[in-house]
Structure formats: C-alpha cells, structure tokens
Amino acid sequence: LDALMELGGVYQLGLTFTAFPPSNFFEIQEKMRRCNIDIRFSGPLEFPELALRYQESDLYISAARSDGISVSLLEAMATGIICVVTDFSSNLEIIKSGINGFTFINGDAKSLSEAIRKVLTLSPSERYRIGKAAQDFVLDKADWNKNKMFMLEKILDLVDAI
C-alpha cells in the first residue's frame, strides 16, 4: 500500500484485492482515499469471475513475501494483463522484466512503486506487446497437457536417483 500511496498523488488508482477485507479495512480505505486511491476487497472469486476481473484490469500485482510458483500469476498472464511481481527466483523463471511483465525487489515499496510507474507510462502498443508476450509464455510453457509428461519424467528420474 505504501508503494501505491506514493503514486496516488499523480495517478487516479483503483485497487481490488481478491481476498476478504482485514479487520482495519475502513482505516485503510480512508487512508487510501486521501491519496486518490479507491480500494476494494472482493473476497475470493470463482475462476470465471476472476478471469473477468483480470480482463477489466490494467495491472496485476503480487507482492507475496514467500517463494513459489503462483497459479494466479499464470492465470493473469493468460489474459494478457501486465503483471508486476516480486523478484523471487520462481517468478524470475516466468517473468522477464520489461519483456512479459515486471519485477521488483521483495519488500521494497520504492522498487514496487517504480515498477508500477513504468507500467502506467507504457504506450498502448508497448502494453499490448508485453501482454501478448505474457500470453504466449503461458500458452507455450504453462500448458499442463503439453508439460505433464515432462514433469512425470523428472519425478521418475528423482525416484530412480533415490
């Protein structure tokens, strides 16, 4: 939220969390409103509604503080939305900053703010190019039907090694 508050004075922002609101929601909402940011919590969504939210959005942000491959990141990329994610090694395997999304330093609000600012200043053609590269990555690399045999072979190699 600190990263977004820095941008709120320059851009009019809307932010939707697909989670339940925290206990201090009204305090957060008022603080964000003073920074020209509309903040909402939708609660968890089923995939059809989630896909619609992705398509209606300009940006997907994941500021997760733990490592792991995010299914929601791959879902967002599949819709062509520009994604901004932490610089975890698992995310760096997926996102090539400036090519098919953007990364920022984990826990660094200034780094996140800078990444968001980059996205907000992209031309429509640059946004399209990056979104299309994200979609192409998911279609090529994240298709379970294409990759399940590869994964099974790797698992069996591990079992054989033990």
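Me: I have read that two strands pair if DSSP finds at least two bridges between them. Which residue stands opposite Leu 13 in β2?

Reply: Let us begin with what is being read. This is a predicted model, in which local features need pLDDT of at least 70 and side-chain atom pairs count only at pLDDT 80 or more, while totals for chains, interfaces and linings use all residues. Residues are numbered from 1 along each chain as its sequence is written, and side-chain values use heavy atoms, with hydrogens and water left out. Strands (E, at least two residues) and helices (H or I, at least four residues) are DSSP runs, numbered from the N terminus. In this case, Leu 13 has Ile 37 opposite it in β2. Strand β1 (residues 13-17) and β2 run parallel and are joined by five bridges.

Me: Which side chains of β2 are buried, and which are not?

Reply: Burial is read from relative accessible area: buried means under 20%, exposed over 50%, and partly exposed in between (1.4 Å probe, protein chains only). The side chains of β2 alternate, with Ile 37, Ile 39 and Phe 41 pointing to one face, where they are buried. Asp 38 and Arg 40 point to the other face and are not buried. Asp 38 has a relative accessible area of 34% and Arg 40 has one of 40%, so both are called partly exposed.

Me: With which residue does Asp 38 form a salt bridge?

Reply: A salt bridge is a side-chain nitrogen of Lys or Arg within 4 Å of a carboxyl oxygen of Asp or Glu. Asp 38 forms one with Arg 40, and their closest N and O atoms are 2.9 Å apart. The whole structure contains seven salt bridges.

Me: Where do Glu 30 and Arg 34 lie, and how many residues apart are they?

Reply: Both belong to helix α2 (residues 25-34), at a spacing of four residues, or about one turn of the helix. Their side chains form a salt bridge with an N to O distance of 3.9 Å. Glu 30 is partly exposed at 36%, whereas Arg 34 is exposed at 62%. A similar reading applies to helix α3 (residues 47-56): Arg 53 and Glu 49 are separated by about one helical turn because they are four residues apart in that helix. The salt bridge between Arg 53 and Glu 49 has an N to O distance of 3.6 Å. Arg 53, at 28%, is partly exposed, as is Glu 49, at 39%.

Me: In which loop does Asn 36 lie?

Reply: Asn 36 is in the loop between α2 and β2 (37-41). Its phi is near 70°, a positive value in a residue other than glycine. At 38% relative accessibility, Asn 36 is partly exposed.

Me: In what order do the three strands of the open sheet stand?

Reply: A sheet is read by following strand pairs from one edge to the other. Here the order is β3-β4-β5, with parallel pairing. The strands β3 and β5 are at the edges with a single partner strand each, so one side of each has no neighbour in the sheet. On average, neighbouring strands are turned by 20° against each other, direction ignored. Between β4 and β5 there are three bridges, and Val 85 has Thr 103 of β5 as its bridge partner.

Me: What is the reach of helix α6 from its first C-alpha to its last?

Reply: The expected span of a helix is 1.5 Å times one less than its number of residues. Helix α6 (residues 109-120) has twelve residues and reaches 16 Å, close to the expected 16 Å. At its start, a side-chain oxygen of Asp 108 comes within 3.0 Å of the backbone nitrogen of Lys 110.

Me: What covers the buried residues of α6?

Reply: Contact means heavy atoms within 4.5 Å. The covering elements include α1 (2-8), β3 (59-62), β4 (82-86), β5 (102-104) and α7 (124-141). Among the buried residues of α6 are Leu 112, Ser 113 and Ile 116.

Me: Which side chain makes a polar contact with the side chain of Ser 113?

Reply: A polar contact is a pair of N or O atoms within 3.5 Å; within protein, one must be able to donate a hydrogen and the other to accept it, and residues adjacent in sequence count only if both atoms are side-chain atoms. For Ser 113, the partner is the side chain of Glu 6, at 3.2 Å. Ser 113 is buried at 0% relative accessibility. Leaving aside neighbours within four places in sequence, Ser 113 is in contact with Ala 3, Glu 6 and Leu 7.

Definitions and conventions: Axes fitted to C-alpha atoms, helices over the stretch in contact; angles between N-to-C directions.
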